[in-house]
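Q: Could you take me through one part of this structure slowly? I would like to see how two neighbouring pieces of it are arranged, and then hear about the cysteines.

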Amino acid sequence: MPGNRLALITGASAGLGAEFARQYAAKGWDVALTARRLDRLDTLAREIEEKYKVATITISQDLALAKSVDTILRELKEAGRHVDALVNNAGYGLPGTFLNTSWKDQAAFIRVLYTAPIELVHKVLPGMAERNFGRIINVASLAGYAPGSQGHTLYASVKAGMIKFSESVHAEAQAGGHDIHCTALCPGFTWTEFHDVNGTREMTNESPDWMWMKAGPVVEAGIDAVTKGQPVVVPGAVNKGLATLTKVMPEPLGRLIMQKQSKRFRKTE
Ligand SMILES: NC(=O)c1ccc[n+]([C@@H]2O[C@H](COP(=O)([O-])OP(=O)(O)OC[C@H]3O[C@@H](n4cnc5c(N)ncnc54)[C@H](OP(=O)(O)O)[C@@H]3O)[C@@H](O)[C@H]2O)c1
């Protein structure tokens with residue numbers, strides 16, 4: 001009898017990534033968990049093994065490092081496993097303006113949120129094509145829809161890039177006749193550690209509760225969409241409404257609103 005499928009999840013030590021791990025495990029998938037904090041990954045792995053009776057693998061890697069993707073994939077190969085689902089989820093926001101942040105920090109940001117996820121997709125795709133099965137979720141953001149704002153300068157750019165990239169990978173897989181689905185998941189404000197890490201918790205706490213979603217339904221929407229073969233999904237009615245608004249609103253008005261509003265939830269100095 002063939003073993004369980006394996007989902008590789010980046011940024012699995014917290015927030016959406018940990019929730020992806022739990023939800024895939026609940027569906028009977030084995031999970032490979034990666035992030036920098038191994039203690040957290042190991043605790044989650046023990047919880048998942050006990051609760052869902054699936055196998056887990058934990059790999060501590062800093063995705064900012066050039067060799068990280070190769071190291072993760074080598075460790076999986078050595079464990080005799082291949083990737084059936086990839087969840088490119090690891091991420092953070094870089095506070096402040098482009099002028100006031102170092103190139104070292106910007107380069108690491110681009111690597112963790114853009115280059116490494118794309119490299120992972122590039123390196124797992126051939127195996128997925130060969131086995132004719134693959135599910136890829138790229139965690140983008142509602143920010144990828146909205147006009148660029150002051151502060152956290154590259155965040156919206158990389159997230160917009162991940163949306164387009166996901167659409168293209170999905171289209172290519174479909175055109176090639178492969179059972180490979182690729183989905184960009186575009187959450188809005190979600191309760192995780194994200195805003196604690198980027199130092200905007202106090203600011204974002206002022207946003208009304210109805211703007212926020214819990215990790216559970218966000219992840220559920222992502223898994224559901226990739227299973228169905230939907231290239232982009234915006235979870236939740238409020239976020240869907242906002243995404244639609246950004247498409248129908250005249251661009252100068254959108255920029256004006258973003259310019260004013262971004263100061264309320266982004267560090268702009
Ligand atoms: N929360 C929101 O409101 C929101 C909204 C839209 C989109 N998103 C996106 O959702 C994704 C998940 O974020 P989250 O909300 O779950 O935030 P979170 O709770 O802060 O989790 C972020 C995860 O990314 C990992 N990570 C950060 N830097 C890393 C690095 N250099 N190498 C490897 N792993 C790294 C962290 O693990 P370690 O620190 O252990 O390495 C952690 O597991 C991100 O891509 C974010 O942009 C979040």
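A: Here is a walk through one helix pair, followed by a look at the cysteines. Please keep in mind that this is a predicted model.

Let's start with helix 3, which covers residues 68–78, and helix 4, which covers residues 103–131. Their axes come within 9 Å and cross at roughly 40°. An angle from 35 up to 65 degrees counts as oblique, and therefore helix 3 and helix 4 are oblique to each other. The crossing of these two helices is right-handed.

Now find the residues where they touch. On the helix 3 side, look for Ser68, Val69, Asp70 and Leu73. On the helix 4 side, their partners in the contact are Arg111, Ala116, Glu119, Leu120, Lys123 and Val124. Sorted by class, the contact between helix 3 and helix 4 has five nonpolar residues, four charged ones and one polar one.

Next, the cysteines. A search of the whole structure finds zero disulfides. Take Cys182 as an example: the closest cysteine sulfur to its own is in Cys186, 11 Å away, and that is too far for a bond, because a disulfide needs the two sulfur atoms within 2.5 Å. Seen from the other end, Cys186 is in no disulfide, and its nearest cysteine sulfur is that of Cys182.

You can also check how much of each cysteine is accessible. Cys182 is buried, with a relative accessible area of 0%. Cys186 is buried too, and its relative accessible area is 0%.

Notes: Residues numbered from 1 in each chain as written. Predicted model: local features only at pLDDT ≥ 70, side-chain atom pairs only at ≥ 80, totals over all residues. Heavy atoms only, no water. Buried < 20%, exposed > 50% of the residue type's maximum accessible area, 1.4 Å probe, protein only. Axes fitted to C-alpha atoms, helices over the stretch in contact; angles between N-to-C directions. Helix = DSSP H or I, 4+ residues; strand = E, 2+ residues; numbered from the N terminus. Parallel < 35°, antiparallel > 145°, perpendicular 65-115°, else oblique. Left-handed = near helix turned anticlockwise from the far one by under 90°. Contact = heavy atoms within 4.5 Å. Nonpolar A, V, L, I, M, F, W, Y, C, P; charged D, E, K, R; others polar.
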